[in-house]
Structure formats: structure tokens, C-alpha cells
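Biologist: I have the sequence and the fold open side by side. Could you pick one spot in the later part of the chain and walk me through what surrounds it?

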Amino acid sequence: MAESILARFIDHLGGQGPEPSELSALEDDPFETLFPRDNGETAAGKDVKDVLHMSQAGGPPKQPSMSTPPPGGQGAAPGAPPQKPMSRQPQHGGEHRSAPMPSAEAVRRRRVPLASAVAPGAKDKNGAGQPALRTQATVEESGIPEDDSSQIVFEGNLLTAIGGPIKIPQESRNLCALFDSGLWLVSSSHRNSPLVTSVAATARRMGFPVSPARLVTPDVIRSAYNYFERQISSLRLDENAVRRQIVRTIRAAVDAGANDIHIEASGGRTRLEFRVDGIMRQWETWTQKEGEQFLSAVYSHSSGQSGATANWLEPQAAMLTPGSGPDTIALPEGVIAVRCQWVPLTDGGRYLNMRLQYDSARIFGESFAQADVDHLGFNQEQTELIRFLRRVPGGMRIFAGPVNQGKTTTLRVMLNRHMAETGMEQKCYMIEDPPEGGVLGASQIGVSATVKDEQRERSFTEIMRCILRLDPNIVMLGETRDLQTARFIFRLALTGRQVYTTLHVYSAMAIPQRLRDLGAEPYLVYDHHLVCGMICQRLLRGLCPYCRIPAAKVADDPAYAPIIRRVRAGLAVMQASRSLPREGVDPYDNLHEPDLGNVHFVNAEGCRHCYKGRLGRTIVAEVIATDAKLMAYLADNRLEEATRYWLSPFGLNGITMAWHALEKIRDGNVSPIDAETEAGPCATVKDVRMVEERLGRRDKWVL
Ligand SMILES: [Zn+2]
């Protein structure tokens, strides 16, 4: 009820603040009995206004009601309670009440100076006027239609209330009241008092509309302030309802295993979606109004807003963190913080992305300090390589891959193992923006997401300078994104520190190229002591073991035949390449029929164990421990030879991401279709042709 009042009030105060909710929990609102809801209005999210007969404004009837009986005779009884349901019924002269609630934009627009908002014919209150002994007479003087004189509609924000946008002395508050609708109530005996005229002048200067004065008794003015007080306190209850809704939504997202909550309030409705295992899931639909209340309330409960203005209607980033005051949102167990990003949409709607930051125990399980990367889906050889890389004393381990592909999780597991293995005797600093923590014994140096860009740039420079003086053993830098950060990590590596960082680049072999691209010198980039580990990873959705479909079942289906041919060819070439009898043998001369018996496809209908046939996520990766020969090829730009050397059993015996994906297809852990989407085709056209030439075309291989 009356939800827009606080909202607009707060909007005037600078745009922050919770909006109350109609989402839920209004049934127990004690104010409901005082202010019964008009379903036609509130259910549609429209404004609720309180119509108050002057004769009901507390106490005995006033003169106006005597001179002009209220329409329909309603509310004429002296001493009737001031807020009766019938006062909400449409009455003539109260036509604004059925108008839809102005949108937040509309309210904002009203703040723009609006000379024209003053009704034509309005008299300057500073002008001379006869003493107003009778309200009726005054109303006629003011040009207000007579039929409106018997009632005053209180609606919207009381701008002159305590804490309101127009600061006025308490003495003025006894004599006048200005609503954002322009309703301007003035004590009839003080219409020319400076305490009154100065308020009108201030309001006009601030751009608020000021309608012709309604001359009233001080009782009416008092009742206006009382009315607004009641609205505010009832809204505090509603505010709690929205808070509960925020807590409920976050908990539902955590229970669903979501990483993100997406809320889009536009086009009259609000779509609530969770991103689980990288896939968006429709969760609930609310009205647009409910969504806007939610977005606004999240904003008012978050901290460290970074936008140019303190207003959730503008692009903003902020964090929800627990326990920083009585007014914070209680986050579910396992969630450290929620990173929020608000974006305005072109159609006037709003968008909010909330990213849940889980603590390490939640991500890796309770024994996360003992967990190793094989839990994440690296294969045995890759896990061994990563263990080796942990032991190399200095140098950089660079994690490549697109955003949101679990790079920092791998990095944390690796660092945690390192810290555990070295008995916490090494000094580790983590520099992240924003800080996410999760490594035992590490010192977290946060470059907050909340400060402005220039400031952040400066503080980052300062932090890097400071780290060099702190004499660390290990430094984790969240992201190497420019020449400045690249120089910083090379400096650390040159001075013998272990460096862990991430880089936005598509593959492990492309890491040196990307570093060159940032401006790093070749003598640094191609030194395998400095760049000692190159890792790239992506996440694939896991196949549900309960409902997956064996490839044999769909082998005859023309929709599946081409991909099964590619899986066969890819597996045959991979096995041949990895088991060459001696150096220089062509893999195509070493082909054997692969076993496709455990290849499975997704059952898109899913089952009770999964979502659309998928369960969890697993890594596909490339892990390279560099050596001088590999770096020499790369320095000469001989990428093909470098790759051959990397993959050869007589070279580094590595595996590509596509091969890692093929292993997981072979073992029935991922669907070939999902794998091709993320890691590329299982086999080239040439591979398929060569394999079918040597091993024969088999259309029923798995039977
Ligand atoms: Zn299933």
C-alpha cells in the first residue's frame, strides 16, 4: 500500500532507498486494517492516495465542510475516524486518484524546473490578498473550482516533511505543507508570513511545482504531516518484506547452485533468471513494479556504489556484503558477497546482475585445502604437470581462457595446495579486483570494485609498487590486462618470485603472443624460466549419468551420424598420435579402431537427477610446462612446429583441449555436441577422410 510514497520520497532524496514490496508478506501488515487496500489500484501496482475530508481531519468539522457539504454526504459525521475506506471510493473532484502511478522517470521529470506546472491563473502568494476568514471565499479567489473545495487529496510525497527534499524550519511546518503533486496547503491566517512565502519560493527555485495555495486551518496542515508519517512507518514494514524477498531470492539461487541472478524489469514484467552451470534458467516472473522495487532495495542495501551518481536508475556496480550493519542483507551460508551491476535498458526498464561469490569450502568442499586440481576435471597427466609447476620455485604460471570458465578456481586450488605443501611458510599476496579470497594463509590485497576507475588505476599502481617492497614469495595477480601489469609480473618473476595470473587469450600456446601484444619484450616472453607454465581451460557441462543416451541408440539417426563419424576419427587420430612407435611416424599410419562403446549423448528431457540431461561442469584444458625448445619455436613464430613438439610423445607429450574433450567424450562424461561447442570440432574433415580411408567407413560402429 502507498508504496510509491516512500519510493518517491527517497527518489527526491537522491534516488537511493528501498522501495517496499507488494511481493509478499503484506497479509500481516497491521496498517492494512487502517488503510484497506483498494484492489483495483494496489494490485495493479498503482498509487494509493488518501482522500481526506477536511471535516474528518481529526476533531470537529471545519468551516468549509459546513459551507459545502461533502459529495454524497460521506464523512460528514463529526468525530469519524480520519481514514475510512469509503474515503478512497472515487468521488468527483478526485479524478487524479484513478490515474496510474507515475513512473520513477515521471517523478524525476517533475523535478525539472517547471514554471508551467503552476496552474494558469494562479495567484502569487506573495501578492496582496484579503484576509482569508472563510475558506470558501479564499478558494474562489484562488481560482480553485468550488466543487473541489470540500476535500483535499493527500497524495505523493510531502516535500516539506522532516528529512524531505525541501528543508524548512519547524515553525514553517506548522503553517504550510507542500506535496510533490503541487498541493500547497497554507494556514489561512499566515498566508503572507515569510515563514510561508519563503517555502514556496524555495520550492519553485528547486523546480518543484507549487499550485495555488489552498488556505486551510492549522489542523489540516497537522493532519497532512501526520498522514505522511503514517505512510512512512507503514512503508518501513513493507521495506522489510522486500528485504525478505531479497534474502529468499539469494537463498533460492544458492540452493539451485547458481553463480548469477539476472533480473530484468522491463515491458511491464520482471524476469528472474539464475545461471546454473553456465546456462540461464527461467526462475520466476514478477510485475515490472515488483522488479523495480527489488532492484531499488538491493541498491539501498549494498555498499560502495561506483556509478557517477548515487542512483540505481543509472549504471552502477556495488556489493552486498554481510554484517556491516543492522540494515544489511543476511547472506546464506557459503556466500561471501554478492557483486551487483545495475544497467538501464533502452525501453526504460532496468537490469540487475547479481554474482554470488561463494567461499572456498562451498566451491571445493570442506576439505578444500587438501583438494587438488584433478577434482576439477584435469586428467592424470595434467594434474602431474600442475604439481610439477607448483614446485618450480620462480616464474609465472599463466591461466588463459574466456571469462567465467573457472580460471580463478583452478588458480585457487593450485595455490591452496602450494600453501598447504609448504606448511604456510611462504608469504603469498593476492591482488584482485574485486577481492575474492579463498586461499589459506594468503594476504588479500583488494583493489575494490567500488572505487572509480581513475582512482582504481592509481591505487593499483601503488599496490604494485608496495608489493615489490614487501618481499613476497608468491604473488597472485587477478588479471594481467595491460603493459603495466605485464611489466609488474615479469619484474616479480625476474626477481625469483612465483607468479600466478590470468590472461584473456584463447589458447595456452597463444599466451606468449598475447604478452607480446601487450608490449612485453621478446627476451622476457620467450624465457621459459620466466613463463614456465601456460594453462588454458574451459568448462563443459557434464552428462547426467542417469539419463544419458548411448551413441549406439542414435547411430542410425541422420542427425547424429556426422558427429559420430567425427568422434570416431578424432579418437582414432588422437590415439595414433599419442602412441607413435618412434619419432617421425605419420599418425595416419598408426590408426586403430577406437572404442565408442561408452560415448553418450544428452537426453534433453532430463530426469529427476539433472537439468535437461546435464549435471555439473567439468574442465577441458591444456597444460604446458614450457622448455627452451618450445619457446625457441615460438620466438621464431614457428607455431606449427611448436605444436607438434608439444604434442609429440617424444617432445612434451601434451594434449590439446580438443583431445581432452575427446577423452571425456570417450568416457561418457560429456556430450560430443557440447564438447564441439566449447572446444571445437572433434576431428577435421581431413581426419575423417583419412580415418575412413584406412579403417573403412562403418555406419554401425558401436553395434
Ligand atoms: Zn538425468
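**A close look around Met509**

Modeller: Happy to! Met509 is buried, because 22 other C-beta atoms lie within 10 Å of its own, and 20 or more is the cut-off for that label. Please keep in mind that this is a predicted model.

Where does Met509 sit along the chain? Its place is the loop that links β16 (498-503) to α16 (511-518). Leaving aside residues up to four places away in sequence, Met509 touches Leu639, Ala642 and Thr643. There is also Val623 to consider: 114 residues separate Met509 from Val623 in sequence, yet their C-alpha atoms are 9.6 Å apart in space. For the chain as a whole, 67% of the contacts between residues at least 6 apart in sequence join residues at least 24 apart.

Let's follow those contacts to the helix pair α20 (residues 628-635) and α21 (residues 639-647). The axes of α20 and α21 come within 8 Å and cross at roughly 160°. An angle over 145 degrees counts as roughly antiparallel, so that is how α20 runs relative to α21. The crossing of α20 past α21 is left-handed. On the α20 side, Lys629, Leu630, Tyr633 and Leu634 take part, and they meet Glu641, Ala642, Tyr645 and Trp646 of α21. Six of the residues in this contact are nonpolar, two are charged and none is polar. Ala642 links the two parts of this story: Met509 touches Ala642, and Ala642 is also one of the α21 residues that meet α20.

A little further along comes α23 (residues 672-679), where Pro672, Asp674, Ala675 and Ala679 are buried. Viewed down the axis of α23, these buried residues fall within an arc of 160°, so they line one face of the helix. Ile673 and Thr677, on the other side of α23, are exposed. What do the buried residues of α23 pack against? Their partners are β17 (531-543), α19 (561-578), β20 (614-625) and α22 (657-666). Just after α23, Gly680 takes a positive phi of about 95°.

To set this in its wider context, the protein chain has 24 helices and 20 strands, and buried residues make up 43% of its 703 residues. Met509 is one of those buried residues, so it makes a handy starting point for exploring the view on your screen.

Definitions and conventions
Residues are numbered from 1 along each chain as its sequence is written. This is a predicted model: local features need pLDDT of at least 70, side-chain atom pairs count only at pLDDT 80 or more; totals for chains, interfaces and linings use all residues. A residue is buried if 20 or more other C-beta atoms lie within 10 Å of its own, exposed if 12 or fewer, and partly exposed in between; C-beta atoms are placed from the backbone. Helices (H or I, at least four residues) and strands (E, at least two) are DSSP runs, numbered from the N terminus. The arc is that of the directions from the helix axis to the C-beta atoms. Two residues are in contact if their C-beta atoms, placed from the backbone, lie within 7 Å. Axes are lines fitted to C-alpha atoms, for helices over the stretch in contact, and angles run from 0 to 180 degrees between N-to-C directions. Angles under 35 degrees count as roughly parallel, over 145 as roughly antiparallel, 65 to 115 as roughly perpendicular and the rest as oblique. A crossing is left-handed if the near helix is turned anticlockwise from the far one by less than a right angle, and right-handed if clockwise. Ala, Val, Leu, Ile, Met, Phe, Trp, Tyr, Cys and Pro count as nonpolar, Asp, Glu, Lys and Arg as charged, and the others, Gly among them, as polar.
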